[in-house]
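Visitor: I should like a close look at the unusual backbone geometry in the loops of this model. Please take the residues concerned in order along the chain.

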Amino acid sequence: MDSNYLSAIEIETAQPVTATVIWLHGLGASGDDFVPVVPELKLPGAMGVRFIFPHAPELPVTINGGMRMPAWYDILSMSLQREVDTFQLRCSAAEVMKLIEREIERGIASERIVLAGFSQGGAVVLEAALSYTRPLAGLLVLSSYFATVDSVQLKDANVQIPIFIGHGHHDPVVPEVLGQSAVARLQAWNYPVEYKTYPIDHSVCLPEIADISAWLQRVLATELQPG
């Protein structure tokens, strides 16, 4: 793997590959975390999607006593609104944008690229997608929160990006009110948001995976020529 990019796991569902999903894990996890979801999505056999699951770098995390662990950014306080290191978050978003650019170089149009993230990863892809200068296919945010809501630099390229936000009713790590708050702000800015909740904690479940599959098939339904 090129050291200029985040180390990542790649899975291609079929050939030819005509779309890419870049999917970020949560705090303390790794790119392996969501690999088992790919077969569970049960995408159509002819739907060639490259899934990229990057590994976060190891950082000291304040809320965990400064312990080093895979993290997209430091969390300074677990107060409801979260106090995070926004500089580190934006550095991670910039790394995601580099992966997008590499996919474009590999022949995938930006309009065929979806950004996805769970928990911390969701906060990063919210920042990355809404501040990216080329149109993307969609934004998938799971069990997360909008950490840079007051400072994100929105770009016109993605004002109509389809957004799916999923959250568990019983999430003790990222309370559902934070997901609702993100939805409310995005809707106030006129982004098209689909919000679904599930009777789960800080995790994903099979009904949510089925909803994600249907959404992915919808946002990637229009075939574009690679290039």
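Guide: The account below goes through the loops in order along the chain. This is a predicted model, in which local features need pLDDT of at least 70, side-chain atom pairs count only at pLDDT 80 or more, and totals for chains, interfaces and linings use all residues. Residues are numbered from 1 along each chain as its sequence is written, and side-chain values use heavy atoms, with hydrogens and water left out.

As background, most residues other than glycine have a negative phi, and most peptide bonds are trans. The peptide bond from Q15 to P16, however, is cis, with omega near -5°. P16 belongs to the loop between β1 (8-12) and β2 (19-24); helices (H or I, at least four residues) and strands (E, at least two) are DSSP runs, numbered from the N terminus.

K42 lies in the loop between α1 (37-41) and β3 (49-54). Its phi is positive, near 50°, in a residue other than glycine. With a relative accessible area of 62%, K42 is exposed, where exposed means over 50%, buried under 20% and partly exposed in between (1.4 Å probe, protein chains only).

N190 occupies the loop between α4 (176-188) and β11 (193-198). Here too the residue is not glycine, and the phi of N190 is positive, near 70°. N190 counts as exposed, at 61% relative accessibility.
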